[in-house]
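Biologist: Could you walk me through the helix packing and the enclosed spaces in this one? I have the sequence and the coordinates open.

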Amino acid sequence: MLQSPQPPSDPLPALRGWHPGEQAVQAIIHLPERVAITAIVDRLPEQHRIFHTSRLHFLPVTTLDEQGRPWASILFSHDGMPGFISSPTNALLTIKARLWPGDPIIQNLSQFHDRKLLFSGIGLEVSTRRRNKFSGYMSNVSLRGLDVDLTSVITQALGLCPKYINIRSIMPFHQTSPRLIYERFNLGDRERLPDDVIAFIHAADTAFLSTSYVAAQEDEDIYPSRVGVNHRGGRPGFVRVRPSDGKTLVLPNYAGNRMMNSLGDIHITPVAGIVFPSFSTGSILYLTGKAENLYGASARAIMPNMNIVSTICVTGFSFVENAIPLRETGPSERSPYSPPVCYLAEEKPPSVSFADITLNLIKTRVLDDTLMTLTFESSRPVGINPSQNCVLELSEFLRKRSHALLDWEEDESTVNDDCVRTWTVSTPPAPDTPCTHSLTMRAIKGGLITPILYQLARSVDPQLTGEEIDVTGLKVCARLRGVGGDLPVPEPLAACDGGRRLLWIAGGIGITPFLSLTRHVTNLAARGFGIWDVTLVLATREPEVMLGLIQEAFVNKPSCIIDGCQSAPSLTFSIHIYSPRQFKLLEPFPPFVSLIIHEGRLDDSGALFGSVDAKGRESHICGPLPFVLNAMKSLRAAGVDLERVKRERFTY
């Protein structure tokens with residue numbers, strides 16, 4: 001058995017930079033950095049350990065065969081229940097899994113003879129879209145029949161983009177009887193995939209992609225070799241098989257966390273594997289083969305409307321029926337980010353295509369030198385709950401209409417952009433305006449869409465009046481891909497049930513979901529529904545603007561305030577604001593709102609959260625990743641169970 005390292009307790013950055021393949025792909029598509037390399041740490045954070053050991057029903061993993069081909073497998077316990085993974089230290093995971101004939105991992109594990117076998121996995125909870133991945137190597141393998149015990153040393157850990165994960169409710173299924181249908185680990189050059197395998201791929205909405213990065217000898221010390229596994233999801237049939245050869249898979253590249261890990265691996269080491277699970281039938285399909293990334297015109301020649309695709313020419317596959325010891329208990333909830341299926345140039349698309357809702361920009365409002373609010377009218381009513389976000393596709397605006405309205409030139413950085421963006425709804429549709437909603441957003445330095453939208457808003461309000469401007473005549477349109485968002489909408493609780501005690505923590509533009517939630521809570525309180533005690537902690541460099549937006553959210557005041565009643569209102573609202581500079585409040589808040597001003601930044605001591613009884617509140621966080629991590633650390637210091645904290649972060 002290999003000796004396992006014993007690192008210090010706090011995770012540290014695992015890498016000194018993106019490896020040459022990742023750098024090359026980022027350069028090819030002119031990608032500005034969105035996620036820092038320091039987000040990849042050298043061991044499992046405590047939350048990852050808890051997640052892997054207590055929440056997971058399955059674990060997708062990558063191993064290599066004797067030819068160096070990556071294979072994706074999915075590990076389960078014998079009964080489909082969580083608890084088959086343990087974590088003795090923050091650098092180790094031990095896994096006890098039940099395999100079945102046809103899983104390529106059986107042959108791949110047989111190569112272990114007290115030497116390092118590269119290994120990676122991705123923990124994904126399909127009911128909540130939580131996900132974290134890790135990579136490292138196996139330090140111990142024990143294979144007894146179809147039962148495997150293995151220990152993995154973790155050298156890299158990272159949280160992942162949840163955008164294309166379809167939500168499912170699953171439960172253990174004990175009537176499995178695995179039946180090996182095909183096992184062709186080496187497919188001939190002229191052989192095709194069977195028709196039922198192709199049909200299985202075209203019905204799938206979830207897959208896990210495995211890749212391998214083999215470092216050049218001169219790079220090994222700085223950019224060590226590794227294997228990876230990543231989630232791929234979309235609408236059923238999002239992965240296509242080329243009819244011309246019946247064995248080349250085409251995977252569209254949807255914008256995610258923009259690290260380009262998988263594409264970077266393929267750029268250097270052109271092989272990949274993929275596994276397709278079916279949670280409705282229990283069948284599972286494993287494939288591996290030669291991989292290639294295509295960009296721009298080369299990608300569109302194969303899959304029109306997609307600027308980046310990866311292809312896998314299958315060199316081996318295996319298909320097993322009724323193997324997975326889990327079944328979904330109802331229909332899945334499609335990710336709102338998933339675009340319509342893109343068919344291949346050599347395919348004949350269905351005669352009926354998906355029609356998204358059209359949005360017309362009707363009002364703009366410039367808030368300061370980077371912030372704006374845009375109001376859209378939809379072609380039909382849209383159900384959007386408080387705190388949810390909208391996924392917009394703006395290709396028509398970017399490619400055509402913006403050039404008619406503004407003076408700007410496209411360059412190489414725009415060619416491969418899918419023009420799909422996600423923004424939180426700050427003002428959702430109301431009963432009297434069911435087709436109208438507003439988005440508050442920031443023009444991102446180095447971005448593409450938001451600077452152009454901001455330039456448009458400034459062009460109609462050059463004096464920065466801060467007023468809403470009617471822009472219906474500009475005829476700016478977008479398409480609504482979907483609606484999503486993970487923060488829960490609080491329901492009222494009566495005084496006899498203790499009322500609802502909420503803690504909202506926002507970093508900068510992370511205030512947007514709480515604007516719509518403030519409207520929601522205030523409206524309920526004004527109608528006499530529930531007792532509400534809300535504490536908002538806000539860190540911002542723009543205190544006047546942010547506080548102004550909060551003031552506008554109090555569109556309805558509790559009835560006891562309106563009637564002049566002196567009894568305790570049904571809503572109390574405390575705002576703790578952190579800002580690096582002094583400021584003056586332009587308008588007073590309603591009497592039920594208290595404002596507490598703090599200098600500097602929110603620290604991680606937990607003092608503030610202890611003073612507001614964070615342990616006794618429902619905590620929700622929204623903001624950029626560094627802010628979220630710092631706030632979580634402060635909550636933990638105040639004794640809050642982090643498993644109960646709902647959070648959304650901006651990583652894309």
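Modeller: Gladly, and please keep in mind throughout that this is a predicted model. A good place to begin is the lining of the second largest pocket, where the residues divide into ten nonpolar, 13 polar and seven charged.

Biologist: How much space lies in that second largest pocket?

Modeller: The second largest pocket holds about 730 Å³ of space. There are 30 residues lining this pocket, and those closest to its centre are Thr427, Pro428, Pro429, Ala430 and Arg519.

Biologist: And which elements give two or more residues to that lining?

Modeller: On the strand side they are S18 (357-366), S19 (371-378), S21 (420-427) and S22 (436-442), and the helices H10 and H11 are the other contributors at that level. The largest share, six residues, comes from H10.

Biologist: Then let's stay with H10 and H11. At what angle do their axes cross?

Modeller: The axes of H10, residues 512-526, and H11, residues 543-553, cross at roughly 30° and come within 8 Å. Since angles under 35 degrees count as roughly parallel, that makes H10 roughly parallel to H11.

Biologist: Is that crossing of H10 and H11 left-handed or right-handed?

Modeller: The crossing of H10 and H11 is right-handed.

Biologist: Which residues meet there?

Modeller: From H10 there are Leu515, Thr518, Arg519 and Thr522, and these meet Leu549, Ile550, Glu552 and Ala553 of H11. Sorted by class, this contact has four nonpolar, two polar and two charged residues. Arg519 therefore turns up twice in our discussion, because it is in the contact of H10 with H11 and is also among the residues closest to the centre of the second largest pocket.

Biologist: Switching topic, how do H7 and H9 pack?

Modeller: H7, residues 395-405, and H9, residues 449-460, pack at an angle of about 30° with their axes 11 Å apart, which makes H7 roughly parallel to H9. The crossing of H7 and H9 is left-handed.

Biologist: What makes that contact, residue by residue?

Modeller: H7 brings Phe397, Leu398, Ser402 and Leu405, while H9 brings Ile449, Ile452, Leu453 and Leu456. By class, the contact of H7 with H9 comes to seven nonpolar residues and one polar residue, with no charged residues.

Biologist: What about H1 and H5, parallel or perpendicular?

Modeller: The axes of H1, residues 20-28, and H5, residues 261-268, come within 7 Å and cross at roughly 110°, and H1 and H5 are therefore roughly perpendicular to each other. On the H1 side the contact is made by Pro20, Gly21, Glu22, Ala24, Val25 and Ile28, and on the H5 side by Asn261, Leu263, Gly264, His267 and Ile268. In class terms, the contact of H1 with H5 has six nonpolar, four polar and one charged residues.

Biologist: Last topic: how many cavities of 30 Å³ or more are there?

Modeller: The count comes to three cavities of 30 Å³ or more. The second largest cavity has a volume of about 160 Å³, and of the 17 residues that line it, the closest to its centre are Lys133, Ser135, Gln156, Arg226 and Asn261.

Biologist: Which element gives the most to that cavity's lining?

Modeller: That is S11, with five residues. At least two lining residues each are supplied by S6 (130-144), S7 (147-159), S11 (226-233) and H5. By class, the lining of the second largest cavity has six nonpolar, eight polar and three charged residues.

How values were computed
Residues numbered from 1 in each chain as written. Predicted model: local features only at pLDDT ≥ 70, side-chain atom pairs only at ≥ 80, totals over all residues. Heavy atoms only, no water. Axes fitted to C-alpha atoms, helices over the stretch in contact; angles between N-to-C directions. Helix = DSSP H or I, 4+ residues; strand = E, 2+ residues; numbered from the N terminus. Parallel < 35°, antiparallel > 145°, perpendicular 65-115°, else oblique. Left-handed = near helix turned anticlockwise from the far one by under 90°. Contact = heavy atoms within 4.5 Å. Nonpolar A, V, L, I, M, F, W, Y, C, P; charged D, E, K, R; others polar. 1 Å grid on protein atoms, 1.4 Å probe; cavity = no way out; pocket = protein on both sides within 12 Å on 5 of 7 lines; lining within 4 Å. Points joined across faces, edges and corners; volume = space filled by probe spheres on them.
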